[in-house]
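Subject: Structure handover

Dear colleague,

I am passing on the structure we spoke about, together with some notes on what turned up in it. Please have the coordinates open while you read.

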Amino acid sequence: MPSGLIDPAPVSLGPDLEVGRLGFGCWRLVGGSPSEYHEVLEAALGHGMNLVDTADVYGLDWGGTAFGQAESNLGQVLAAAPGLRDRMVLATKGGITPPTPYNASAAAITAACEASLGRLGVDTVDLYQIHRPDLFVHPAELAEALTGLRDQGKIREVGVSNFTPAQHEALAAHLPFPLVATQPEYSAAALGALRDGTLDLCMRDGVVPLAWSPLAGGRLATGTDVRPELIATLDRLAERHGTSRTTLAVAFVLAHPSRPVAILGTQKPERLAEAAAAAHVPLEREDVYAVIEASEGVPLP
Ligand SMILES: NC(=O)c1ccc[n+]([C@@H]2O[C@H](COP(=O)([O-])OP(=O)(O)OC[C@H]3O[C@@H](n4cnc5c(N)ncnc54)[C@H](OP(=O)(O)O)[C@@H]3O)[C@@H](O)[C@H]2O)c1
């Protein structure tokens, strides 16, 4: 029986896929060695963080040098340790095409997905996500391309990222199958999804929110460029619950009733271990409302 607001049980991503409440993000899976990548992936899977989230564009920053590099790095690990693939729910994304900047036309998304499969060295990705909305593609065209990729067995499920609820609904209306996930930024320092309808849509339609940057890209860990009141509140609650500030911040993400999966960005096994405790922090309403008030700097009415 869960204690407090967080239910630590896994989440269904469509009818056949189950993921833990914490996922592993590959944005920063660059600049290391294959053995380091392997070690951190093993650590993540060992903690039940079986959603492994990457994107074709990852590699253009964080010390990477090229579009596709993070996928290639992951593909290298999977090729060397083939058993790993079956232990993960593999998610990638396409649709960001610097410097255009976005192209989710049928031809571009089909080519992007096939290129991702090639770099990852797999026949199928479990979750294919449109990374950011291309405002100049009709959702019917995109839906047809995604349906084609799914019919060919190249992707199992489809999700979106950084879509407004209306953009999500427009695509969903043209798809012959449900969207299973949406990936918004969501953390104690980025509360938009709480009130812009994203998390409400998730609860209405049974869509899983995949929260990106749950530590605000590390700012909630370092305390830089965040309201000092927010850091003080996280520290106070962490002390009360006998945990660390970062674990408490991840727990805040997990506490929403839409049951988000927090996609962790650290590439350090010991920090994954620290975050793993988040699903068991017994946060209560007074805790999460205190975080919201400290984040926004005004009392709730
Ligand atoms: N859909 C989108 O548009 C989008 C955008 C951004 C991210 N994402 C996804 O979300 C994932 C996570 O994003 P993120 O990397 O910004 O996540 P995050 O977990 O908010 O931040 C991770 C960063 O915080 C640093 N950090 C510093 N101190 C830490 C501590 N004590 N514990 C943990 N981390 C600490 C990590 O560095 P170390 O590695 O040194 O620990 C890392 O650089 C990405 O990998 C990607 O899959 C998606």
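By class, the shell around the ligand is made up of 12 polar, 10 nonpolar and 5 charged residues. Please keep in mind throughout that this is a predicted model. In total, 27 residues surround the ligand, and the closest of them are Arg28, Asp53, Ser213, Thr266 and Lys268. As for where the ligand sits, its place is in the largest pocket.

Three polar contacts of the ligand may be of use to you when you look at this site. A polar side-chain atom of Asp53 lies 2.6 Å from an oxygen atom of the ligand, and Asp53 is also listed with the closest residues of the shell. The backbone takes part as well: a polar backbone atom of Gly217 is 2.9 Å from an oxygen atom of the ligand, while for a polar backbone atom of Pro214 the distance to an oxygen atom of the ligand is 3.4 Å. Taken alone, the ligand exposes 910 Å², of which the protein buries 88%.

Turning to the aromatic side chains, a search of the whole structure finds 2 aromatic pairs. In one of these, Trp27 with Tyr58, the ring centres are 6.1 Å apart and the planes stand at 35°, which is why the pair counts as tilted, the class for angles that are neither under 30 degrees nor over 60. Trp27 belongs to the loop between strand S3 (22-25) and helix H1 (34-46), whereas Tyr58 belongs to the loop between strand S4 (51-53) and helix H2 (69-80), so the pair ties together parts that are 31 residues apart in sequence.

The backbone also has some features that you may want to look at. Most residues other than glycine have a negative phi, and most peptide bonds are trans. Against that background, a cis peptide bond joins Pro98 and Pro99, with omega at about 0°, and a cis peptide bond also joins Thr100 and Pro101, where omega is about 20°. Pro99 is found in the loop between strand S5 (89-94) and helix H3 (106-120), and Pro101 likewise lies in the loop between S5 and H3.

Finally, Ala216 has a positive phi of about 55° although this residue is not a glycine. Ala216 is placed in the loop between strand S9 (208-212) and helix H8 (219-222).

With best regards

Key:
Residues numbered from 1 in each chain as written. Predicted model: local features only at pLDDT ≥ 70, side-chain atom pairs only at ≥ 80, totals over all residues. Heavy atoms only, no water. Near = heavy atom within 4 Å. Polar contact = N/O pair within 3.5 Å; in protein donor to acceptor, adjacent residues only side chain to side chain. Areas by Shrake-Rupley, 256 points an atom, 1.4 Å probe, with all protein chains shown as cover. 1 Å grid on protein atoms, 1.4 Å probe; cavity = no way out; pocket = protein on both sides within 12 Å on 5 of 7 lines; lining within 4 Å. Sits in = over half its atoms within 2 Å of the grid points. Nonpolar A, V, L, I, M, F, W, Y, C, P; charged D, E, K, R; others polar. Phe/Tyr/Trp six-rings, centres within 6.5 Å; stacked < 30°, edge-to-face > 60°. Helix = DSSP H or I, 4+ residues; strand = E, 2+ residues; numbered from the N terminus.
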